[in-house]
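Please open the model in your viewer and keep the sequence panel beside it, since each stop on this tour begins with something to select.

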Amino acid sequence: NINDTFGHDVGDQVIFHTGKRLKRLQNENIHIGRFGGDEFLFVLKGIRDHQYLQTFFLRLSYQV
(Lines give C-alpha, C1' and ligand atoms only; values in the text may rest on other atoms or scores of the structure.)
Protein backbone atom coordinates (compact mmCIF):
# COMPACT_ATOMS: atom_id res chain seq x y z
CA ASN A 1 0.00 0.00 0.00
CA ILE A 2 2.83 2.42 0.78
CA ASN A 3 4.45 1.90 -2.62
CA ASP A 4 1.11 2.39 -4.38
CA THR A 5 0.27 5.52 -2.41
CA PHE A 6 3.62 7.26 -1.92
CA GLY A 7 5.96 5.56 -4.41
CA HIS A 8 8.79 3.05 -4.20
CA ASP A 9 11.34 5.50 -2.81
CA VAL A 10 9.19 6.09 0.26
CA GLY A 11 8.45 2.36 0.54
CA ASP A 12 12.18 1.60 0.49
CA GLN A 13 12.76 4.14 3.26
CA VAL A 14 10.01 2.60 5.39
CA ILE A 15 11.59 -0.86 5.01
CA PHE A 16 15.06 0.52 5.79
CA HIS A 17 13.96 2.32 8.95
CA THR A 18 11.80 -0.59 10.08
CA GLY A 19 14.83 -2.85 9.77
CA LYS A 20 16.96 -0.45 11.82
CA ARG A 21 14.37 -0.37 14.58
CA LEU A 22 13.99 -4.15 14.60
CA LYS A 23 17.76 -4.65 14.83
CA ARG A 24 17.68 -2.95 18.24
CA LEU A 25 15.69 -5.93 19.55
CA GLN A 26 18.42 -8.42 18.68
CA ASN A 27 20.42 -10.21 21.34
CA GLU A 28 22.27 -13.51 21.66
CA ASN A 29 19.00 -15.46 21.34
CA ILE A 30 17.08 -13.32 18.87
CA HIS A 31 18.26 -12.69 15.33
CA ILE A 32 16.32 -10.57 12.86
CA GLY A 33 16.89 -10.10 9.15
CA ARG A 34 15.11 -9.06 6.03
CA PHE A 35 13.70 -12.10 4.30
CA GLY A 36 12.67 -10.37 1.09
CA GLY A 37 10.49 -7.57 -0.13
CA ASP A 38 8.65 -6.31 2.92
CA GLU A 39 9.15 -9.46 5.00
CA PHE A 40 11.37 -9.89 8.02
CA LEU A 41 12.51 -13.16 9.56
CA PHE A 42 12.84 -13.71 13.30
CA VAL A 43 14.98 -16.56 14.62
CA LEU A 44 14.47 -17.19 18.32
CA LYS A 45 16.74 -19.86 19.73
CA GLY A 46 16.85 -21.51 23.11
CA ILE A 47 13.87 -19.57 24.46
CA ARG A 48 11.54 -21.62 26.61
CA ASP A 49 10.06 -18.90 28.78
CA HIS A 50 6.56 -17.93 27.65
CA GLN A 51 6.76 -14.62 29.54
CA TYR A 52 10.00 -13.74 27.73
CA LEU A 53 8.25 -14.19 24.38
CA GLN A 54 5.28 -12.09 25.47
CA THR A 55 7.62 -9.30 26.53
CA PHE A 56 9.58 -9.55 23.27
CA PHE A 57 6.48 -9.33 21.09
CA LEU A 58 5.12 -6.47 23.18
CA ARG A 59 8.39 -4.58 22.65
CA LEU A 60 8.18 -5.47 18.96
CA SER A 61 4.73 -3.91 18.67
CA TYR A 62 6.13 -0.61 19.99
CA GLN A 63 9.18 -0.70 17.68
CA VAL A 64 7.37 -0.93 14.38
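Begin with the whole chain in cartoon view, where the secondary structure comes to three helices and two strands, and follow the elements from the N terminus in the order α-α-β-β-α. The radius of gyration is 14 Å, well over the 11 Å that the globule rule gives for 64 residues, so the protein is more spread out than a compact globule. Bear in mind throughout that this is a predicted model. If you turn the chain along its principal axes, the C-alpha atoms fill a box of roughly 40 × 20 × 15 Å, and buried residues make up 19% of the 64 residues.

**The hairpin**

Next select residues 30–36, which form β1, together with residues 39–44, which form β2. These two strands run antiparallel and are joined by six bridges. To check the register at one end, show I30, which stands opposite L44 in β2, and then H31, whose bridge partner in β2 is V43. In a regular strand, side chains alternate between the two faces of the sheet. Now move to the turn, where two residues lie between the strands and G37 takes a positive phi near 55°.

**The nonpolar core**

Which residues should you select to see the largest nonpolar core? Show the side chains of L22, L25, I30, I32, I47, F56 and L60, the seven residues that make up this core. Both β1 and α3, the helix of residues 50–63, supply at least two residues each to this core. I30 thus appears for a second time on the tour, as a member of the core as well as the residue opposite L44.

**The largest pocket**

Now clear the selection and show N1, I2, N3, H8, G11, D12, V14, I15, T18, G37, D38 and F40, which line the largest pocket. Two elements give two or more residues to this lining, namely α1 (2–6) and α2 (8–23), and α2 gives the most, with six residues. The space in the pocket is about 230 Å³. If you colour the lining by residue class, it divides into four nonpolar, six polar and two charged residues. G37, already selected at the turn of the hairpin, is among the lining residues here.

**Two helix residues and their distances**

Select K23, which lies in helix α2, and ask whether K23 is buried, partly exposed or exposed. At 46% relative accessibility, K23 counts as partly exposed, because that value falls between the 20% and 50% cut-offs. Draw a C-alpha to C-alpha distance from K23 to G33, and you will find the two residues 7.9 Å apart in space although they are 10 residues apart in sequence.

For the last stop, select T55 in helix α3, which is also partly exposed, with a relative accessible area of 38%. A C-alpha to C-alpha distance from T55 to G36 spans 26 Å in space, for a separation of 19 residues in sequence.

Conventions. Residues are numbered from 1 along each chain as its sequence is written. This is a predicted model: local features need pLDDT of at least 70, side-chain atom pairs count only at pLDDT 80 or more; totals for chains, interfaces and linings use all residues. Side-chain values use heavy atoms; hydrogens and water are left out. On a 1 Å grid over the protein atoms alone, a cavity is a set of points where a 1.4 Å probe fits but cannot get out, and a pocket is an open set with protein on both sides within 12 Å along at least five of seven lines; lining residues have an atom within 4 Å of a point. Grid points are joined across faces, edges and corners, and a volume is the space filled by probe spheres set on the points. Helices (H or I, at least four residues) and strands (E, at least two) are DSSP runs, numbered from the N terminus. Ala, Val, Leu, Ile, Met, Phe, Trp, Tyr, Cys and Pro count as nonpolar, Asp, Glu, Lys and Arg as charged, and the others, Gly among them, as polar. A nonpolar core is a set of buried Ala, Val, Leu, Ile, Met, Phe, Trp, Tyr and Cys residues joined through side-chain atoms within 4.5 Å. Buried means under 20% relative accessible area, exposed over 50%, partly exposed in between (1.4 Å probe, protein chains only). Two strands pair if DSSP finds at least two bridges between them. The radius of gyration is taken over C-alpha atoms; the globule rule is 2.2 Å times the number of residues to the power 0.38.
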